[in-house]
Every structure is written in structure tokens, then in C-alpha cells.
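Biologist: I'm new to this one, so could you walk me through it? I'll ask, you answer, and we'll keep it casual.

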Amino acid sequence: MKLSKRLKHIESLVETNYDHIWDCCCDHGFLGTQLLIKQTAKNIHFVDIVPELIEDIEKKLGQFHPEQKSNWNTHCIDVAKLPLTIHQGKHLIIIAGIGGDLMLRVIDAIYRSHSKLEIDFLLCPVNRQFALREKLIELNFSLRDEILIEDKSRFYEILLVSNKVNKDSTISPVGEKIWQSNNEIQAKLTKAYLNKTLNHYQRIRQNNANNSERVVAAYRNVKLKD
Ligand SMILES: C[S@@+](CC[C@H](N)C(=O)[O-])C[C@H]1O[C@@H](n2cnc3c(N)ncnc32)[C@H](O)[C@@H]1O
């Protein structure tokens with residue numbers, strides 16, 4: 001199975017020390033299946049709200065990975081309602097390919113229902129990155145890693161964060177490491193992304209949308225680093 005460039009980058013940030021990895025909003029389950037094949041964690045969970053997708057994934061996993069039957073579970077549920085407490089151990093929740101507003105809502109719900117668990121989140125929203133980062137800051141999450149990538153002419157921020165407070169690894173509302181580059185290609189990418197993001201918020205500001213003045217000022221302060 002061939003993963004998209006975006007999913008490959010997300011996969012590259014997944015460490016092997018988790019008991020449970022949740023591929024949320026999994027659609028056809030490509031990422032989770034890859035993690036299952038690579039035996040990245042003992043338990044891979046496939047979560048989507050659409051019954052037909054989950055039925056199809058179950059069928060395919062049963063057919064192509066019968067020997068790993070004890071290593072995967074499927075859940076046809078709203079990702080805001082993950083049954084984390086009945087699965088003991090260290091959790092990684094991956095949420096990618098959905099809008100920032102939905103992502104904000106589900107992270108807030110998971111945070112409130114599972115405040116006692118230590119959870120890592122690997123996040124790749126398709127928009128509203130600033131709002132998502134502000135929410136993570138409000139919840140006192142800490143940053144483990146962040147990267148900026150381009151796939152099929154679209155930019156994506158990928159964030160690996162933890163719900164554990166760590167004063168030495170705070171999250172920036174605009175990002176920090178994503179603006180650093182150590183080669184020409186990445187330098188071009190960061191410059192293009194900064195231009196695009198500033199143009200976007202400047203357009204919104206012209207329509208007098210709430211908050212955009214502050215966001216424009218924050219991105220104007222970004223210093224690209226080689
Ligand atoms: C575009 S796909 C993303 C697939 C994959 N995660 C990726 O990044 O390529 C979005 C998926 O999110 C699912 N979805 C949307 N809202 C959801 C929710 N509240 N709970 C669970 N799944 C949801 C949709 O059914 C759809 O399959």
C-alpha cells in the first residue's frame with residue numbers, strides 16, 4: 001500500500017513506545033494499516049463515524065491480516081468519544097485530514113473526559129492551524145515536535161503534542177521549528193507558507209473578521225531561519 005506524502009510524514013513521527021495507537025477519522029484506514037503492518041504498537045485502533053467505512057476496513061483487515069487479529073480494533077464512533085479508559089497503557093491519538101474547528105472540538109472533549117491519562121496527540125488539520133495551536137496552549141499541552149510539509153501543492157503543519165504540562169516545551173501560536181530550514185528546498189517552502197498564511201489573514205482582516213489583526217501581527221513577527 002502506498003501512503004501519500006502527507007501520511008508518510010505523519011507516520012515518520014510515530015514512535016514505537018505506545019500500547020495503543022488510535023487512527024482517528026481514519027477513512028479507509030491507510031495509515032493505521034501501515035502501522036499495523038510495521039507492528040508499531042501492540043494495539044492499533046481504527047476510528048471513523050461512517051459505518052460503511054468501518055465495515056470495509058474490518059473486512060479487509062480480516063482478509064489480509066488474519067494473523068494480527070489480536071492487534072487491531074475498529075470503532076464506529078464520534079472521535080470525541082474514544083473509549084480510552086477501557087484500554088490500559090500509553091496512548092497516541094492521531095487525527096489528520098479534518099478541519100481545525102472539528103479538531104478543536106474533539107481535542108477539547110477528549111481532554112475533559114480523560115484529564116488523568118497521559119496522552120500524546122499527532123495532529124494534522126487541513127486549516128485553522130493558528131486557532132488549533134491557541135486551543136492547545138489554553139489546555140497547557142506541550143510540544144514534542146512540529147514539521148511543515150507540502151503535498152500536492154498544499155501546505156500542512158504536523159504537530160506531535162502531549163497533554164502533559166512541560167514549561168520547557170511550550171507551543172507557539174504560529175510555530176517555531178516549522179520556520180527553520182537547513183536546505184534550500186525547505187527554505188523555499190517556509191517562505192511560501194509564510195507568504196500564503198499572511199495573505200490569507202490579511203484578506204480576512206479586510207473583511208473585518210474578529211481576531212485577524214492579532215493573527216496578522218503574530219505571523220508578521222515570524223523570523224525565517226536558515
Ligand atoms: C478526509 S478523511 C481523512 C482521512 C485520513 N485521516 C487522512 O488524513 O488522510 C476524514 C474522515 O473523517 C471522518 N470523520 C469526520 N468527522 C468525524 C468524527 N466526528 N468522528 C469520527 N470520524 C469522523 C470522515 O468520515 C472521514 O472518513
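**A first walk through the model**

Modeller: Sure, and let's start with one residue: leaving out residues up to four places away in sequence, leucine 7 touches Phe30 and Leu31. Keep in mind that this is a predicted model.

Biologist: Where does leucine 7 lie?

Modeller: Its partner Phe30 is 23 residues away along the chain, with the two C-alpha atoms separated by 8.5 Å. Leucine 7 has 18 C-beta neighbours inside 10 Å, so it counts as partly exposed. As for its place, leucine 7 lies in helix H1.

Biologist: Let's zoom out. How many helices and strands are there in the protein?

Modeller: Read along the sequence, the pattern is α-β-α-β-α-β-β-α-β-α-β-β-α-α. Count the letters of each kind and you get seven helices and seven strands.

Biologist: What radius of gyration does the protein have?

Modeller: The C-alpha trace spans about 55 × 35 × 35 Å along its principal axes. For 226 residues, a compact globule would come out near 17 Å. The protein agrees with that, because its radius of gyration is 18 Å.

Biologist: What share of the contacts with a separation of 6 or more comes from residues 24 or more positions apart?

Modeller: Leucine 84 and leucine 117 give a feel for such spacing: they are 33 residues apart along the chain, yet their C-alpha atoms are separated by 8.6 Å. Leucine 84 is in contact with Leu117, and also with His91 and His114, leaving aside neighbours within four places in sequence. Over the whole protein, the share is 67%.

Biologist: How far apart do the C-alpha centres of the two domains lie?

Modeller: The protein is divided into domain 1 (5–174) and domain 2 (180–226). Six residues of domain 1 are in contact with eight residues of domain 2. On the domain 1 side, those residues are five nonpolar, no polar and one charged. The C-alpha centres themselves lie 26 Å apart.

Biologist: Now helix H2. Is H2 largely enclosed or open?

Modeller: The buried residues there are Leu31, Gly32, Thr33, Gln34, Leu35 and Leu36. They pack against helix H1 (5–12) and strands E1 (20–24), E2 (43–48), E3 (72–76) and E4 (91–96). Six of the eight residues of H2 (residues 30–37) are buried, so the helix is largely enclosed.

Biologist: Which residue with a positive phi follows H2?

Modeller: Look in the loop between H2 and E2. The residue there is exposed, because it has 11 other C-beta atoms within 10 Å. Its phi is about 55°, although it is not a glycine. The residue is glutamine 39.

Biologist: And asparagine 140: buried, partly exposed or exposed?

Modeller: Asparagine 140 sits in the loop between helix H5 (129–138) and strand E6 (142–151). Its phi is also positive, near 65°, in a residue other than glycine. With 14 other C-beta atoms within 10 Å, asparagine 140 is partly exposed.

Biologist: Which loop holds both leucine 84 and glutamine 88?

Modeller: Leucine 84 is partly exposed, with 18 other C-beta atoms within 10 Å. Glutamine 88 has 10 such atoms and is exposed; its C-alpha atom is separated by 8.3 Å from that of histidine 20, which is 68 residues away along the chain. Leucine 84 lies in the loop between E3 and E4, and glutamine 88 lies in the loop between E3 and E4.

Biologist: Which residues touch the most other members of the largest nonpolar core?

Modeller: Buried residues make up 32% of the 226 in the protein, and the largest nonpolar core has 48 residues. One of its well-connected members, leucine 123, touches Ile95, Met103, Leu132, Leu159 and Val161, not counting residues up to four places away in sequence. The residues touching the most other members are Ile21, Ile93, Ile94, Ile95 and Leu123.

Biologist: Last one: which residues come nearest to the ligand?

Modeller: There are 15 residues around the ligand. By class, this shell divides into eleven nonpolar, one polar and three charged. Those that come nearest are Cys25, Asp27, Ile49, Ala96 and Gly97.

Technical notes
Residues numbered from 1 in each chain as written. Predicted model: local features only at pLDDT ≥ 70, side-chain atom pairs only at ≥ 80, totals over all residues. Domains from an automatic or database assignment. Contact = placed C-beta atoms within 7 Å. Nonpolar A, V, L, I, M, F, W, Y, C, P; charged D, E, K, R; others polar. Near = placed C-beta within 6 Å. Helix = DSSP H or I, 4+ residues; strand = E, 2+ residues; numbered from the N terminus. Rg over C-alpha atoms; globule rule 2.2 N^0.38 Å. Buried ≥ 20, exposed ≤ 12 C-beta atoms within 10 Å, placed from the backbone. Core = buried A, V, L, I, M, F, W, Y, C linked by C-beta atoms within 7 Å.
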